Structures are given as structure tokens and as C-alpha cells.
Amino acid sequence: MNNMITIRNLNFNYGKNEVLKNISFEVAEGDYIGIVGPNGSGKTTLIKILLGLIKNSKGQIKFNHDILEKNSIGYVPQKGVMNDRLFPATVKEIVATGLLSEKTGFKFYSKDDYSRVDITLNKLNIENLKDKKIGNLSGGQQQRVLLARAMVANPSILILDEPTSALDPEIREEFYSILKELNEEDVTIMLVSHDIASIEKYVSKILYLDKKIIFYGSYNDFRHSKAMAKYFGIYTGE
Amino acid sequence: MENVISMIMEALQSDFILRAILVGSLIAICCSFLGIFLVLKKYSMIGDGLAHVSFATIAIALLLNKSPLVVSIPLVIFSSFLILKLNEKADLHGDAAIALISSFAVAVGVLITSVAKGFNIDLFSYLFGSILVISKLDVILSIILSAVVIFITLFFYNSLFAITYDEEFATVIGLNSKNMNYLISILTSITVVLGIRVVGTMLISSMIIFPTVTALQVSKGFKDTILISSIISVSSVILGIFISYILNFPTGATIVIINAICFMVFFFINKLKSN
């Protein structure tokens with residue numbers, strides 16, 4: 001299998017606080033990795049480092065050719081970024097920004113770009129929201145718009161940070177099935193969640209993080225591991 | 001009524017009114033183009049802060065007997081960088097950095113004016129605007145610089161939009177948000193200095209903020225907002241120039257009051273619609 005991302009001995013301190021310690025793992029093509037762990041375990045920090053939002057980490061991160069060439073990491077941030085209901089932007093305007101990574105110079109959109117926006121909206125079943133103002137949409141709809149923005153440039157890997165924490169269970173399930181479909185179409189997915197129960201049906205691998213890696217492997221192995229016993233000991237009391 | 005029409009006709013025949021309308025409208029468009037980014041990035045006060053800075057720079061220009069426009073633009077741009085740097089390096093919150101720089105600049109301005117007596121009347125015209133007495137050089141400079149601001153905003157529109165909506169995402173897809181913030185600062189500095197001619201240092205921030213906030217009451221998309229706010233802004237300037245000419249009011253203050261009235265009207269339209 002082809003590795004999308006290889007991480008070796010990644011360390012990150014926030015002041016004197018050790019946030020990530022000796023993190024080493026590989027992301028293979030087609031993986032669907034659930035990154036789980038308690039609050040403050042460094043999940044968000046880890047993906048922010050991968051996304052280049054946090055720069056002064058120590059260690060090695062290697063992206064494969066595809067990601068480097070096409071600058072193609074799709075990113076879906078934690079819940080709706082905008083709490084500003086007045087923000088004047090239509091769904092189309094927001095989704096199109098996902099294409100800017102491919103553009104140089106003045107970065108104007110072409111007709112072709114707008115048809116790619118249409119195709120992505122269609123795929124996620126939100127073509128009817130195209131000209132709606134983002135602030136007037138429900139939480140689930142907004143999250144799909146942000147997924148569309150991440151997907152519009154056809155990235156080979158998608159990184160999501162607690163994308164469903166603000167959603168109802170039903171809408172959350174819908175959102176996860178869309179991700180599953182994308183994964184079946186060969187998009188590699190890394191999904192951060194604090195709630196393993198809601199993602200266990202979908203993911204193929206689990207990365208259990210608590211400042212260092214407690215467990216990394218297939219979901220099946222995880223179910224029979226010590227890490228899991230500890231995890232469920234804390235979370236469900238079983 | 002006939003009287004008013006004949007006065008408007010008369011006004012339209014005088015060069016200074018036409019010049020005022022041309023320069024005022026261009027600056028109004030600059031203000032609308034930038035206002036949306038400043039308001040939505042929660043940088044509204046930067047316009048106000050830089051206007052205070054320009055009070056000092058104009059005092060310096062008058063002291064040295066140089067053109068206020070030419071002296072002010074680089075100094076105001078420099079101050080805007082200082083504000084950004086203070087934000088980045090000194091762990092200051094956005095508006096604290098603005099307050100530091102702007103109050104310091106006003107103090108410098110006041111010191112200069114009191115030491116060098118004699119240009120108080122001149123300075124007053126810069127405090128509250130004097131678009132009806134604008135020199136040829138200022139007209140030409142204003143037209144060129146407004147065009148520069150408008151075109152640069154148009155060229156970088158998509159990147160500016162992405163950064164305003166979600167700076168983190170914009171960074172992930174490879175946009176340089178830091179550079180874009182500097183670009184916004186430069187353009188705002190130029191616009192603030194140009195706007196001093198129209199409404200004065202005390203009132204320029206209202207030209208940047210009012211039309212955008214008014215447009216936000218009714219707009220849906222980003223481009224609509226810019227379009228609506230430009231229309232409001234230009235109409236306020238033109239209407240303000242005529243009203244002040246006919247009734248002998250100060251032009252700058254009249255323009256701002258028209259803007260305020262527009263805001264109230266749109267605000268109530270929005271409230272009625274959402275009920």
C-alpha cells in the first residue's frame with residue numbers, strides 16, 4: 001500500500017506543556033482513520049500540524065507526491081466556523097473558495113470552476129442550497145457546505161475536526177454515510193472525534209491519542225485491546 | 001422646488017461641484033470595497049484609528065509646507081503595519097493596538113499644532129473635510145489612487161473573500177493570509193487619507209463602516225453587499241454635496257448624516273421583513 005502521510009517522532013510543546021510526544025504513524029491510501037482520545041489529548045493539535053496551521057513542531061512529516069503536487073488536502077473545521085448569521089455569503093461563493101488552492105496569480109474563477117461547484121453540490125445533495133445565504137442554513141446543512149468546500153478540488157485526503165459535534169444524531173449519521181461513500185471512492189479520511197461510539201461503524205482504523213499514541217491499528221484489533229478496555233471503562237462504565 | 005432645481009442646475013455648471021462629485025464618488029466606492037472586509041473581519045476600528053493617525057500626519061505636512069496627501073499616505077501605511085505588528089508580536093488585542101497608535105498620533109498632532117501656530121484654520125478643514133475646495137493636484141492623485149484601490153481589490157477579490165470568511169481554511173489551501181492582511185492595511189490607509197478630503201479625519205471611518213453595515217441589513221451574498229453599499233455610498237456623497245451647497249451646510253457632516261439615515265431606513269426594513 002502506498003503511504004499518503006508518514007509521521008516520524010513528532011513532538012510538540014506548548015510553552016512547557018508537552019502536547020504531543022513521539023508520535024509516529026503512517027496513513028495509507030484509502031484509510032479511514034478515526035482519531036480519538038479525551039479532551040486535551042492533542043487531537044486537534046496533531047491535525048493542525050498536518051495541515052500546516054501550527055509550524056514549530058519537531059519531527060518529520062512526509063506527504064506523498066500526490067498531496068504535494070496538487071496541494072490536495074481537504075479540510076473540514078470544527079462545526080460551523082461562522083457563528084455570524086449576518087455574514088453575507090452564498091453557498092456557491094463559499095464552496096468555490098475550495099478551488100483557490102489550484103490557482104495562481106489573481107485567482108479568478110472560470111465557468112468550468114462553477115460547474116465543478118455544481119457537481120460537488122449535487123453529489124452532496126445540496127444543489128438546492130446553492131444561492132442561499134450561509135447564515136440562514138441549519139447546522140447540518142452548513143456542515144455539508146463545508147464538506148463541499150473541502151471536496152470541490154477533489155483532494156486525495158480529507159481531514160475533519162469534530163465535524164459533527166454540533167449536529168443531531170440523525171443528521172450526524174447522514175453526514176457519516178456521505179463520508180463513507182467518499183471513502184469507498186478512494187478518498188483517504190482522517191476524522192477527529194471525541195465520541196468513538198458514533199464513528200465505530202464507519203472507520204477502518206483507530207488512532208487513540210493521549211499526548212502519545214496509545215493505540216494505532218485496525219478497528220477490530222482495537223476492540224480487543226487493552227486501550228479499548230480503558231477507553232470504555234471511562235466512557236460507558238461497562 | 002423650482003428654486004432647488006435651478007440651484008442644482010447652477011451647481012452642475014460649476015467646476016468645483018463636478019470635481020467634488022467625481023472625487024467623492026470614487027472615494028465612496030473605495031470605502032465600500034474595503035469596508036466589507038474591515039467590518040466582517042472585525043477591524044472596523046482600524047479605519048477610525050488610522051484617521052486619527054492622519055490627523056498627526058497632516059499636521060506634519062502643514063508644518064513642513066508639503067502636500068498633506070503625499071506626506072500622509074506613507075506615514076499612515078507605516079502606522080497600519082505597526083498596528084498589525086503589535087497584534088502579532090506583543091500579544092495585544094486588535095483594538096488595543098489601534099487605541100495605542102491612534103491616541104499617540106493625536107497627541108503628536110496636537111503638540112505640532114500648538115507649537116507651530118498659524119495653520120489652525122487649515123487643519124480644521126482637514127478635520128471635517130473640504131471637498132468643495134480641492135486642488136487640481138489632489139483631484140488627480142485622488143483619481144489615480146482610488147482607481148488603484150478599486151482594481152487591486154477586484155484582482156484579489158477571491159483571496160480576500162476566502163480569508164475574510166475563514167482565515168484558517170484559507171491558510172490550509174495555501175493562501176498567504178498574513179500578506180493579505182497587509183494588503184488590506186495598505187488599501188485602507190490609502191482610502192482613509194483620500195477620504196479626509198471628503199469628510200475629514202473625524203468622520204472618515206463612518207464612510208467606511210456605514211454603507212457596508214447598511215447593505216448587510218438586506219444583502220444575501222458578498223458581491224451584492226459590495227454593490228448595494230457602493231450605491232448607497234455614492235448616492236450619499238452626491239446628495240450630500242447638493243444639499244450642503246443649497247443649504248450651506250458643511251459637506252462632510254451632511255454626507256455622514258445621510259448615511260446614518262440610510263442605515264436607519266434599511267435597519268427598519270430588515271426588522272419588518274424578519275417579523
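Let me begin with the term I will lean on: a residue is called buried here if 20 or more other C-beta atoms lie within 10 Å of its own. Please also keep in mind that what we are looking at is a predicted model.

With that in hand, consider helix H13 of chain B, residues 251–274, which has 24 residues and reaches 35 Å from its first C-alpha to its last, close to the 34 Å expected at 1.5 Å a residue. The buried residues of H13(B) are B:Thr251, B:Gly252, B:Thr254, B:Ile255, B:Val256, B:Ile258, B:Asn259, B:Cys262 and B:Phe263.

Next, a pair of helices in chain B. Two packed helices are described by the angle between their axes and the distance between the axes. For H4(B), residues 68–89, and H10(B), residues 177–199, the axes come within 9 Å and cross at roughly 145 degrees, and the crossing is right-handed. Among the residues that meet are B:Leu69, B:Ile73, B:Phe81 and B:Leu84 from H4(B), and B:Tyr182, B:Ile186 and B:Val193 from H10(B). By class, this contact has eleven nonpolar, six polar and no charged residues.

Finally, the contact between the chains, which takes 23 residues from chain B and 24 residues from chain A. On the chain B side, the elements that give two or more residues are helix H8 (157–165), helix H9 (167–172) and helix H12 (222–247), and of these H8(B) gives the most, with five residues. The residues on that side of chain B divide into twelve nonpolar, seven polar and four charged, whereas the contact of H4(B) with H10(B), as I said, has no charged residues.

Note on methods
Residues are numbered from 1 along each chain as its sequence is written. Chains are lettered from A and ligands numbered from 1 in the order in which they are written. This is a predicted model: local features need pLDDT of at least 70, side-chain atom pairs count only at pLDDT 80 or more; totals for chains, interfaces and linings use all residues. Helices (H or I, at least four residues) and strands (E, at least two) are DSSP runs, numbered from the N terminus. The expected span of a helix is 1.5 Å times one less than its number of residues. A residue is buried if 20 or more other C-beta atoms lie within 10 Å of its own, exposed if 12 or fewer, and partly exposed in between; C-beta atoms are placed from the backbone. Two residues are in contact if their C-beta atoms, placed from the backbone, lie within 7 Å. Ala, Val, Leu, Ile, Met, Phe, Trp, Tyr, Cys and Pro count as nonpolar, Asp, Glu, Lys and Arg as charged, and the others, Gly among them, as polar. Axes are lines fitted to C-alpha atoms, for helices over the stretch in contact, and angles run from 0 to 180 degrees between N-to-C directions. A crossing is left-handed if the near helix is turned anticlockwise from the far one by less than a right angle, and right-handed if clockwise.
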